[in-house]
Amino acid sequence: MTDWPALQAAAAAAMEHAYAPYSRFPVGAAGLVHDGRVVSGCNVENASYGVGLCAECGMVSDLHRTGGGRLVAVVCVGGNGEVLMPCGRCRQLLWENGGPVCALLTPEGELTMAQVLPQAFGAEDLDAAAARHPA
Ligand code: THU
């Protein structure tokens with residue numbers, strides 16, 4: 001069982017470091033890694049709006065910086081500590097690093113990545129295409 005309150009608290013702590021002067025919408029993300037580590041990140045915006053980084057980007061960077069591994073549970077929160085759904089792009093990031101069984105805390109409760117990103121594109125699709133069209 002995931003300790004969701006602890007993971008949500010880690011996300012809220014990360015959110016406090018958000019740099020969101022343009023949207024004024026701070027976000028924090030926290031993930032439990034298969035080995036028990038907790039990784040986290042916050043959104044970091046930019047005057048060139050389109051290159052801003054979502055909180056999940058920072059969390060995934062933290063995952064790799066601290067040794068890699070697989071995400072087994074993730075939660076994102078907004079400025080009041082409330083649970084947020086990851087944006088579409090970030091669901092793809094979570095898929096890459098957690099796969100279909102990674103748990104996500106959502107405003108509707110715990111769901112799997114397979115439920116929030118059905119028919120996801122992933123590494124197997126690249127492998128399948130390579131097999132169909134050998135070099
Ligand atoms: N944001 C995230 O950090 N993660 C999400 O999944 C949704 C959106 C950020 C991006 C931007 O800095 C702000 O929230 C408003 O969209």
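User: What makes the pair formed by an oxygen atom of the ligand and an N or O atom in the side chain of Glu 45 a polar contact?

Analyst: The two atoms are 2.5 Å apart. A polar contact is a pair of N or O atoms within 3.5 Å; within protein, one must be able to donate a hydrogen and the other to accept it, and residues adjacent in sequence count only if both atoms are side-chain atoms. The 2.5 Å therefore falls within the limit. This is a predicted model, in which local features need pLDDT of at least 70 and side-chain atom pairs count only at pLDDT 80 or more, while totals for chains, interfaces and linings use all residues. Residues are numbered from 1 along each chain as its sequence is written, and side-chain values use heavy atoms, with hydrogens and water left out.

User: Why is Glu 45 called buried or exposed?

Analyst: Glu 45 has 16% relative accessibility. Buried means under 20% relative accessible area, exposed over 50%, and partly exposed in between (1.4 Å probe, protein chains only). Glu 45 is therefore buried. Its side chain also has a polar contact of 2.4 Å with that of Ser 23.

User: Which other side chains have a polar atom paired with an oxygen atom of the ligand?

Analyst: For Asn 43 the distance is 2.9 Å, and for Glu 56 it is 2.7 Å. The protein covers 75% of the 380 Å² of accessible area that the ligand has on its own; such areas come from the Shrake-Rupley method with a 1.4 Å probe, and for residues only the protein chains shown count as cover.

User: Why is Asn 43 called buried or exposed, and where is Asn 43 found?

Analyst: The relative accessible area of Asn 43 is 6%, so Asn 43 is buried. Asn 43 sits in the loop between β2 (38-42) and α2 (55-65), where helices (H or I, at least four residues) and strands (E, at least two) are DSSP runs numbered from the N terminus. A polar atom of the Asn 43 side chain lies 2.9 Å from the backbone oxygen of Phe 25.

User: What makes Val 39 and Met 59 members of a nonpolar core?

Analyst: A nonpolar core is a set of buried Ala, Val, Leu, Ile, Met, Phe, Trp, Tyr and Cys residues joined through side-chain atoms within 4.5 Å. The largest such core has 20 residues, and Val 39 and Met 59 are among those that touch the most other members. Its largest share, four residues, comes from α2. Beyond its neighbours within four places in sequence, Met 59 is in contact (heavy atoms within 4.5 Å) with residues including Val 39, Leu 71, Val 74 and Leu 94.
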